[in-house]
Amino acid sequence: MLEAAKQLLTPSKRSNVPPFIVMDVMAAAAAIEAQGGRVIHMEVGQPAAPAPATALKAAKVALEQGRIGYTETLGIPTLRAAIARHYAQNYDLALDPARVVVTTGSSGAFIMAFLALFEPGDRVALANPGYPPYRHILSALGCEPVLIETFAETRWAMTGKALIAAHRSQPLKGVVIASPANPTGTMMDADALSKLIAVAEAEGIRVISDEIYHGLDYTFAAETAANLSERAVVINSFSKYFCMTGWRIGWMVVPNSLIRAVERLQQNLAISVPTLAQIAAEAAFEGRAEMESVKHGYEENRHILTQGLPKAGLEKFLPVDGAFYLYADISYFSGDSLDFAKRMLNEAGVAATPGIDFDPVSGHNFLRFCYAGSAAEMHEAVERIGNWLAKTPR
Ligand SMILES: Cc1ncc(COP(=O)(O)O)c(C=O)c1O
């Protein structure tokens, strides 16, 4: 009886994924603000700007027309066609809209891609440091995330050599690649990406390319895996470049052989993706000029931080190629990034994310700064950090 009651109260083992530690930093920042303090928020990875005006207008018009029903499971056909055109315009790729699947953010796409590609027990390689939900979604689905360490010598990117070494020790079924990456903001050039994909596919390792930060590149243009392989699964989103995080809308480009499997999964998991968000997303492509000016703001912020942080005392960070992140080495001040982040918040009023969220191995030595705020905030953050570090022993 006692055992039966216990069973009714116990969550599944697979639900036991680690929490996002950044939420603790956010809660502490909110507590400071509730008492009248001012915090510069550099912890959360989302744009400060709203969705493009074209998207907002299309959503308003749709709302005024009344009924918002389900759509086709794979997405509104005109939106899928617009996404395919985006590949023609940006990557010179003639993409069949039939291969485009509209999803509930890229987060929804990961669940479907992992379900469509892998069996429970399959091993999937991820670069470390990396975006935590990759490993947590894989674990919840019964797959095994395999972390592959990255190093300065390879610009913090996973290489074919490291992938094959892991595969030889125990076979891998998949690999998730992200460029620009979160938390580092570093990118792989087209050659490195192409080599990694070729090595993986030659071994039968399925490639999933997370391209959510495409469009936000400052040193060289990001290449899409869709241009390098017809078998790779490409995942993207309207959340970052198009500033539409809360709209929960993204997409994937899948190989022909996967379209029907993904359609069946999405029919059952979601029926369809929120209609209003799809309508807004289609119109977002018309708002590129506005989004480019938002991107120029990030570029300016990137400049302020890369010039200012070394003078403020944070001299070492990874190559700041893309996205809106700067991943700084704090090891000469502290080997406990959570404690360092808490102190920086309390004493300097700047919130950043401890690296332990992204890297169970060396994350205690790093902090991630998001520079999607305003230029004035960036200047103030540099000044506050500089004043604070001047009083912090090395
Ligand atoms: C690398 C990466 N991939 C995917 C996501 C998920 O984004 P969304 O579900 O909003 O598309 C994020 C969000 O921060 C991210 O940083």
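The lining of the largest cavity divides into 15 nonpolar, six polar and one charged residue. This cavity belongs to a predicted model. Its volume is about 200 Å³. Of the 22 residues that line the largest cavity, Ala127, Pro129, Trp156, Ala178 and Ala181 are the closest to its centre. Two strands each supply at least two lining residues: E3 (123–128) and E5 (174–178). E5 gives the most, with three residues.

**The second cavity**

The count of cavities of 30 Å³ or more comes to two. The second largest cavity holds about 40 Å³ of space. Its lining can be named in full: Leu126, Ala127, Asn128, Gly130, Tyr131, Tyr134, Arg135, Leu147 and Phe358. By class, that makes six nonpolar, two polar and one charged residue. Strand E3 and helix H6 (132–140) each supply at least two residues here. E3 gives the most, with three residues.

Strand E3 thus recurs. It supplies at least two residues to the lining of the largest cavity, and it gives the most to the lining of the second largest. Ala127 recurs as well. This residue is among the closest to the centre of the largest cavity, and it also lines the second largest cavity.

**The pockets**

About 520 Å³ of space lies in the largest pocket. Its lining has 26 residues, and Phe20, Gly45, Tyr131, Tyr213 and Lys240 lie nearest the centre. Tyr131 is also part of the lining of the second largest cavity. Helices H2 (22–34) and H5 each supply at least two residues to the largest pocket. The largest share, three residues, comes from H2.

The second largest pocket holds about 230 Å³ of space. It is lined by 17 residues, and Asn90, Tyr91, His214, Gly215 and Arg288 are the closest to its centre. Three elements give two or more residues to this lining: helix H4 (77–91), strand E7 (233–237) and helix H11 (288–312).

The table sets out the four spaces by volume and lining class.

| Space | Volume | Lining residues by class |
|---|---|---|
| Largest cavity | about 200 Å³ | 15 nonpolar, six polar, one charged |
| Second largest cavity | about 40 Å³ | six nonpolar, two polar, one charged |
| Largest pocket | about 520 Å³ | 14 nonpolar, seven polar, five charged |
| Second largest pocket | about 230 Å³ | seven nonpolar, six polar, four charged |

**The ligand**

Which space does the ligand take? The ligand occupies the largest pocket. There are 14 residues around the ligand, and Ser107, Asp210, Tyr213, Ser239 and Lys240 come nearest. Tyr213 and Lys240 are also among the residues nearest the centre of the largest pocket. The shell around the ligand has five nonpolar, six polar and three charged residues. Its largest share, four residues, comes from helix H5 (residues 105–117). For the lining of the largest pocket, by contrast, the largest share comes from H2.

Polar atoms of the protein approach oxygen atoms of the ligand at several points. At Ser106, a polar backbone atom is 2.7 Å from a ligand oxygen. At Ser107, an N or O atom in the side chain is 2.5 Å from a ligand oxygen. At Tyr213, an N or O atom in the side chain is 2.7 Å from a ligand oxygen. How much of the ligand's accessible area does the protein cover? On its own, the ligand has 400 Å² of accessible area, and the protein covers 93% of that.

How values were computed: Residues are numbered from 1 along each chain as its sequence is written. This is a predicted model: local features need pLDDT of at least 70, side-chain atom pairs count only at pLDDT 80 or more; totals for chains, interfaces and linings use all residues. Side-chain values use heavy atoms; hydrogens and water are left out. A residue is near a molecule or strand if one of its heavy atoms lies within 4 Å of it. A polar contact is a pair of N or O atoms within 3.5 Å; within protein, one must be able to donate a hydrogen and the other to accept it, and residues adjacent in sequence count only if both atoms are side-chain atoms. Accessible areas come from the Shrake-Rupley method with a 1.4 Å probe; for residues, only the protein chains shown count as cover. On a 1 Å grid over the protein atoms alone, a cavity is a set of points where a 1.4 Å probe fits but cannot get out, and a pocket is an open set with protein on both sides within 12 Å along at least five of seven lines; lining residues have an atom within 4 Å of a point. A molecule sits in a cavity or pocket if more than half of its atoms lie within 2 Å of its grid points. Ala, Val, Leu, Ile, Met, Phe, Trp, Tyr, Cys and Pro count as nonpolar, Asp, Glu, Lys and Arg as charged, and the others, Gly among them, as polar. Grid points are joined across faces, edges and corners, and a volume is the space filled by probe spheres set on the points.
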